[in-house]
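Work through these short exercises with the model open. Try each task before reading its solution.

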Amino acid sequence: VSVCVCVSLCVSLCVSQSLSVSLCVCVCDSDMPMEKQAVDRARAAFLSGRSRPLGFRVQQLKALGRMVTEREAEIAAALKHDLNKSQFDTLLFELVGLESEIRLAVDSLAEWAAPRPVEKTLVTITDQAYIQPEPLGVVLIIGAWNYPMALVLQPLVGAIAAGNAAVVKPSELSEHTSGLLKELLPQYLDQELYPVVTGGVPETQELLRQRFDHIFYTGNSAVGRLVMEAAARHLTPVTLELGGKSPCYISPDCDLSIACRRITWGKFANCGQTCIAPDYILCDPSIQDRVVDEIRKSIKEFYGADPKTSPDYGRIINQRHFGRVMSLLDGCTVALGGESDESQCYIAPTVLRDVSPDAKVMQEEIFGPVLPILSVSSADEAIHFINEREKPLALYVFSADNKLIKHIIAETSSGGVTANDCLLHYSVSALPFGGVGNSGMGCYHGKHSFDQLSHLRACLIKSLGMESMNKVRYPPITAEKLRWARFFILKRVNLGRVGRLALVAVLAVLAAVILQRFLQ
């Protein structure tokens with residue numbers, strides 16, 4: 001390091017603590033882990049203040065947008081290597097939503113970052129009371145391998161918009177995309193504020209030893225617990241975007257052809273490796289055969305007679321996950337699919353029928369192209385089944401009856417709900433995306449990303465005038481003072497400018513009355 005960041009930090013610290021600058025020792029040497037060096041550089045860059053101006057944030061967001069459009073071909077090639085994603089799927093599932101998030105942040109940033117006035121009481125009617133969003137500091141973003149571009153860069157959009165520095169850690173399992181991010185991000189973004197750290201478990205563990213101001217993790221709940229445990233050592237808040245077994249209830253009254261086409265799309269996109277993919281179907285046994293038949297038709301429509309040869313059908317990320325998914329078929333009846341090729345990490349779109357709740361496939365999130373069907377006799381039985389288990393990241397309901405849909409929503413809990421379709425609530429920037437309970441905590445997308453990665457600071461600026469009004473709170477306390485205090489505190493107001501001026505005049509009269517009473 002030519003001009004050591006650690007020296008400048010140490011000098012600043014020594015000066016602020018009235019210590020001798022000679023005590024400063026540079027720790028940027030070969031013994032310091034690269035992960036710590038990246039974090040220290042990011043914190044020094046944040047403390048310099050350059051990430052705070054809105055103009056800088058907008059410039060960085062636009063640069064990120066240019067990277068997405070200018071390097072689309074390279075991104076598509078990396079995702080093809082990692083997950084056999086088609087160029088269409090790369091655009092639809094990774095890049096278009098990301099571009100939309102960037103444009104929304106650029107267009108809305110001034111509004112999001114502006115002071116937010118709040119409702120007042122009579123006590124604060126003449127004061128300035130507002131919420132001021134401010135940057136948290138240095139954010140750690142740990143991405144996932146299933147959508148390795150979108151699930152890294154969408155949280156980064158929120159971090160940049162909120163004025164933070166961010167250390168980006170892509171998943172090592174999607175190695176081509178991870179390497180590409182390591183190469184591209186420094187070409188477009190501030191290299192000190194937004195470093196990319198690659199590597200596996202040791203590198204991630206070293207990062208988690210460092211102090212951050214927020215950690216944003218996308219992945220499974222087992223690792224999520226480890227992230228939260230590491231964050232607790234520094235009292236660092238976390239956003240955990242996890243997963244779980246997202247149920248899909250099909251009512252007999254709906255159009256099964258349309259319902260099964262949409263379920264087939266949501267389940268088998270990205271070879272089933274989507275955190276909000278329908279994990280299993282709940283339906284009346286009387287419609288199970290038709291559900292299987294309609295899904296079979298949709299698979300053929302989407303991927304042809306042999307999905308293995310389809311350019312639109314993906315692959316399992318690696319052989320370890322291939323073996324895990326295949327083992328979930330044990331003890332189950334395959335209604336369609338079931339073919340596999342370990343050498344290509346290929347598993348055909350597979351549907352299981354008459355699945356028992358105790359089957360192995362029902363004990364963990366599937367995260368692959370296997371769709372179990374379980375029988376329930378009614379919507380209420382489906383509700384009971386769902387509520388007996390951990391809260392899922394998503395819940396899907398297919399029904400022509402809007403009252404039934406609202407009933408299921410009211411009687412269950414999940415991170416999000418989509419009725420009569422799959423996955424699409426993720427694409428609505430105005431909706432918060434996140435889990436609840438075992439499926440995660442915190443949320444993001446659009447303004448929710450900005451708020452999640454900001455400190456919403458409470459601000460109250462009072463005048464030194466109208467001191468007579470304060471006599472009701474100063475000792476000695478009397479019963480009459482308490483009555484006045486209750487009146488002023490409990491009375492809430494929401495007036496326009498004219499109303500406020502009129503109320504100020506009334507309060508001035510009241511102040512005179514109170515002053516006269518207490519001076520007697």
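**Exercise 1.** Which residues form one aromatic cluster?

Solution. Keep in mind that this model is predicted. The cluster is made up of Phe-216, Tyr-426, Phe-433 and Tyr-444. Now take the aromatic pairs. The count comes to 12.

**Exercise 2.** Classify the pair Tyr-313 and Tyr-346, and place both residues in the chain.

Solution. Start with the distance: the ring centres lie 5.9 Å apart. The cut-off for a pair is 6.5 Å. Next, the angle: the planes stand at 75°. Angles over 60 degrees count as edge-to-face, so Tyr-313 and Tyr-346 form an edge-to-face pair. Then the location: Tyr-313 is in the loop between helix H11 (288-303) and helix H12 (319-327). Tyr-346 is in strand E12 (residues 346-347). The two are 33 residues apart, and the pair links distant parts of the chain. Both tyrosines are buried.

**Exercise 3.** Do the same for Trp-484 and Phe-487.

Solution. The centres are 6.2 Å apart and the planes meet at 90°, an edge-to-face pair. Both residues belong to helix H16 (residues 479-490). They are 3 residues apart there, so about one helical turn separates them. Phe-487 has 40% relative accessibility, so Phe-487 counts as partly exposed.

**Exercise 4.** Is Asp-341 buried or exposed, and what does Asp-341 touch?

Solution. First, place Asp-341 in strand E11 (residues 340-341). Its relative accessibility is 17%, so Asp-341 counts as buried. The Asp-341 side chain makes a 2.5 Å polar contact with the side chain of Ser-343. Leaving out residues up to four places away in sequence, Asp-341 touches Lys-308, Phe-322 and Tyr-346.

Definitions and conventions
Residues are numbered from 1 along each chain as its sequence is written. This is a predicted model: local features need pLDDT of at least 70, side-chain atom pairs count only at pLDDT 80 or more; totals for chains, interfaces and linings use all residues. Side-chain values use heavy atoms; hydrogens and water are left out. Rings of Phe, Tyr and Trp (its six-membered ring) pair if their centres lie within 6.5 Å; planes under 30 degrees apart count as stacked, over 60 as edge-to-face and the rest as tilted. Helices (H or I, at least four residues) and strands (E, at least two) are DSSP runs, numbered from the N terminus. Buried means under 20% relative accessible area, exposed over 50%, partly exposed in between (1.4 Å probe, protein chains only). A polar contact is a pair of N or O atoms within 3.5 Å; within protein, one must be able to donate a hydrogen and the other to accept it, and residues adjacent in sequence count only if both atoms are side-chain atoms. Contact means heavy atoms within 4.5 Å.
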